[in-house]
Amino acid sequence: MRLLSCSSAVLLALSALVAGCGGGNPGTSLPTNQLSASTMMVNAAGPGAMPSCPAPANPLQSVNAVQGAGKLSPLAGQQVSVRGVVTGDFQAANQLNGFFIQQPVPDQDGKTSEGIFVYAPASATPVKTGQYVQVSGTVEEFKSGSTDPERATRISQLSRVDLCGSGPVIKARKLALPVASLDELEALEGMLVEVTAPLTVTDTYTLGRYGELRLSANGRLYQQNNHPVLTDRAAIADLNARSQILLDDGAAISNPTPIPYLSASDSSGTRRVGDTVTNVRGVLTWGFDAWRIEPTQAPTFTPANPRTATPAAVGGSLRAGSLNVLNYFTTLNQRGANSSTELRRQRDKLVSTIVALDADVLGLMEIENTATISLADLVAAVNAKKGANTYALVNSGTPGTDAIKVAMMYQPARVSLIGQPQVPADPDFGVDGGLRPPLAQRFAAIDNNGSFWFVVNHLKSKGSCPSSASSVDRDDGQGCWNVSRVRQATALNKWVGQLVANSGEADVLMVGDFNAYLNEDPIKTIEAAGFEDLLKRLPASDRYTYVFNGESGALDHGLASSKLSTQVSGVTVWHINADEPIALDYNTEFKTDDRYAVTPYRSSDHDPVLVGLNLTADAAIIEPVLSATLPTVGQAGIATTVNDINAILSKGATSGTLSINRGDGSATQVLALNATTASFTYASAGTFVLHLQLDDSNGKRVALDGSVVVSAAPAPSTGSDVFFSEYVEGSGNNKAIELFNPTAATVDLTLYRIKLFSNGAGSASQTLPLTGTLAAGATLVLHHGAFANPAAIAGTKIASSSIANFNGDDALTLEKNGSVIDAIGQVGFDPGSEWVAGAASTLNRTLRRKSGITGGSIPPNAPAFWDIALEWDAFASDTFDGLGRR
């Protein structure tokens, strides 16, 4: 970076009067007449002289003396007076509560700055750009970020601001990126700068939250293990650090309205990574751990990386894709949507993405791991847009132990399933106590029977680092958990090799979020096993699916086996997410300027990958397909249900039989071939083996087996006493509990009380003694005092903001004469955020006691997990129509 020097003849002539062109050595106080003489020099060639200022209230210092030659001011904590020209006025409401001044004459020390920020939150003397001012206050090193030693030097605690008249024009310093050293920026802190070369938007993450864009020289920044040209990781990291600057908005608020720098004022507006910007001019300052420019004029943007309405063509007769859906949870307040509104918004954006991808086979990451509930919800929403039965799901159950899983959906008109979905049992897929296994399914093209294995993966993330400093999984330059990801990649190679060996099918396409960049060890491990990373067919600058800390790279991949590689017609990354501001996503928090739109853009944080295939024709595979969600627990006397049954006859079969044997000695039950559920009731407790079987006219058979543990019938359930009949844990304060009297007589409620046990506590946090009476067959509803619509509750109701202030992880008991006769949840056990079984959940759900339940029951003690679905039917959040109507 080039620093201006004092080279004019006028300055040389006055050198005897002023020691150095800054009017004195750094750190020395200047008499008023000397400072005036030095500032007059800038006007020696033009008309007029520097305006005069009143006598200073504090010792008069030059700005560069206050700034000093290091990161911190040598005068910190001292009261001073300084003079300068206002270069940036940020005093308006919601701005920075101050202004920047710069002394007109630079000094000869390239390490000191001539500009400084004046913090004036309540100044009675507003200033304007171009005015020459004298300010008196205290030198302060302001820390706005973390523990970084960098500080912003400023004048605060003002005692006086004097307006001295119009000052000379301050020329902006030319700032060229990359700088040779970040120390160069310290010498320009608080000074007016301009960048004449075009810059590129390299990060938009904090645009909607704080009005910031990260800009870089020479195009977008690439992650050090994903750079299109360079290979020296340390050199890349160093170059990236020296090549970037933040463009701020001059505001001191969160969630600015409107969001600055977007391309349009409506929901179509965006600002994408890859866009270019010119006319960047403003004051350079430090804040929140980054060098930033507070603009004094509007920059000019060029949409150099425009949106595309559809992914690029990949050719082929089939399309296989990969999409991280960013925690698609139909259970609210978990990792995904926090409200029904957010869920709808998330669903609609994902549907628009999936419809535009039009993949025949699509792998999904970060689907809620609750059997098929969330996956089925998303597939149904896509089919509502595309047409009934356009897509079907692959039922992998509830694999592993993580809250999320990988999943698949496919178009039955384009491909058919061959055999069952495969999930490995290898513990090497587990990391840090969690297991998120891959999923494999063999498919065949409908047109020519060309078949291939499709394998969806989601390796361990780079974050949530191990607590032990000695762990081999600490960050080694490839993010945390790299050793574990390599172990997972090795296990993946082994398992896929077994699939190939057992089936004879060597065409394999692996997709997913591998949490590893192109040149990192896990990808190299898979490539060493004979797989081609198809993203390397793309232009080097296009090999990214994710942007983190302003650096682009590919975490999502398509890896083809050597045999399949020649059948790949094309590959693309559809850049709809990584380049877009997070402010455009489905979330509603921090959205005072809500730019949400039902489009694919920012439907997730990862870009989808799409692969075109021209599969070699194969002989037809004659295998039936059978999948279902088998129950694992049941209760005597209450219906147990098999869900999600999908029975497909083998190719060419004209008939078949679907049957179930529940393992309790009863006769085998024959089901309709198109049955999706099967219900039955066990008469007694025990452990039974369910056997679901499909036989077809080709002589083919496929079966599923599973154990179901049946508990004894709840006691009491004779209809002899009051019990909980409905539970509402809805949005906001929409919380209610319904009591029902099933007896033939009026009961005295003074014998009863309800207790609330918070967050797995063993002792009650709230106790509510009941009063009055409850007639035979009548209900009593206790609801929160701020319930949204109490008029929707029928019958007798009581407002209570104490006992009706429960959440999904709280337990409730009903006592009579001190003895517990009914309960919701397990006292003394913290379930996390909810008790859940299938669609039934104590979080953001309405629950109604099943019609066959006529009395209370107490859930088992931990560690047994209470299966809420045995006695309760689940309804959507904020369903109130049953309250008071048992």
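Colleague: What makes two strands count as a pair?

Modeller: Two strands pair if DSSP finds at least two bridges between them. In this predicted model, strand E38 (residues 686-696) and strand E39 (residues 701-711) are joined over 10 bridges, in the antiparallel sense. The cut-off is at least two bridges, and E38 and E39 have 10, so the two strands count as a pair. Within this pairing, phenylalanine 688 stands opposite valine 708 in E39.

Colleague: Which sheet holds these strands, and in what order do its strands run?

Modeller: The strands belong to an open sheet of five, ordered E33-E39-E38-E35-E36, and its pairing is mixed.

Colleague: What makes E33 and E36 edge strands?

Modeller: Strand E33 (633-635) and strand E36 (669-671) each have a single partner strand, so one side of each lacks a neighbour in the sheet. On average, neighbouring strands of this sheet are turned by 30° against each other, direction ignored.

Colleague: Why is asparagine 255 called buried?

Modeller: Buried means under 20% relative accessible area. Asparagine 255 has a relative accessibility of 16%, and therefore counts as buried. Asparagine 255 is placed in the loop between E11 and E12, and its phi is near 55°, a positive value in a residue other than glycine.

Colleague: Why is aspartate 644 called partly exposed?

Modeller: The class of partly exposed residues lies between the limits of 20% and 50%. Aspartate 644 has a relative accessible area of 29%, so it is partly exposed. This residue lies in strand E34 (residues 639-648), and its phi, near 60°, is also positive.

Colleague: Why do such values of phi deserve a remark?

Modeller: Most residues other than glycine have a negative phi, and most peptide bonds are trans. As to peptide bonds, a cis bond joins leucine 177 and proline 178, with omega about -5°. Another cis bond joins threonine 257 and proline 258, with omega about 0°. Proline 178 is in the loop between strand E6 (173-174) and helix H4 (183-186), whereas proline 258 is in the loop between E11 and strand E12 (276-278).

Colleague: Which residues of helix H6 are buried, and how do you know on which side they lie?

Modeller: In H6 (residues 233-242), the buried residues are Ile236, Asn240 and Arg242. They cover an arc of only 165° around the axis, and therefore lie on the same side of H6. The buried residues of H6 pack against strand E10 (221-222), strand E11 (244-247) and strand E28 (551-553).

Terms used
Residues numbered from 1 in each chain as written. Predicted model: local features only at pLDDT ≥ 70, side-chain atom pairs only at ≥ 80, totals over all residues. Heavy atoms only, no water. Helix = DSSP H or I, 4+ residues; strand = E, 2+ residues; numbered from the N terminus. Axes fitted to C-alpha atoms, helices over the stretch in contact; angles between N-to-C directions. Buried < 20%, exposed > 50% of the residue type's maximum accessible area, 1.4 Å probe, protein only. Arc of directions from axis to C-beta. Contact = heavy atoms within 4.5 Å.
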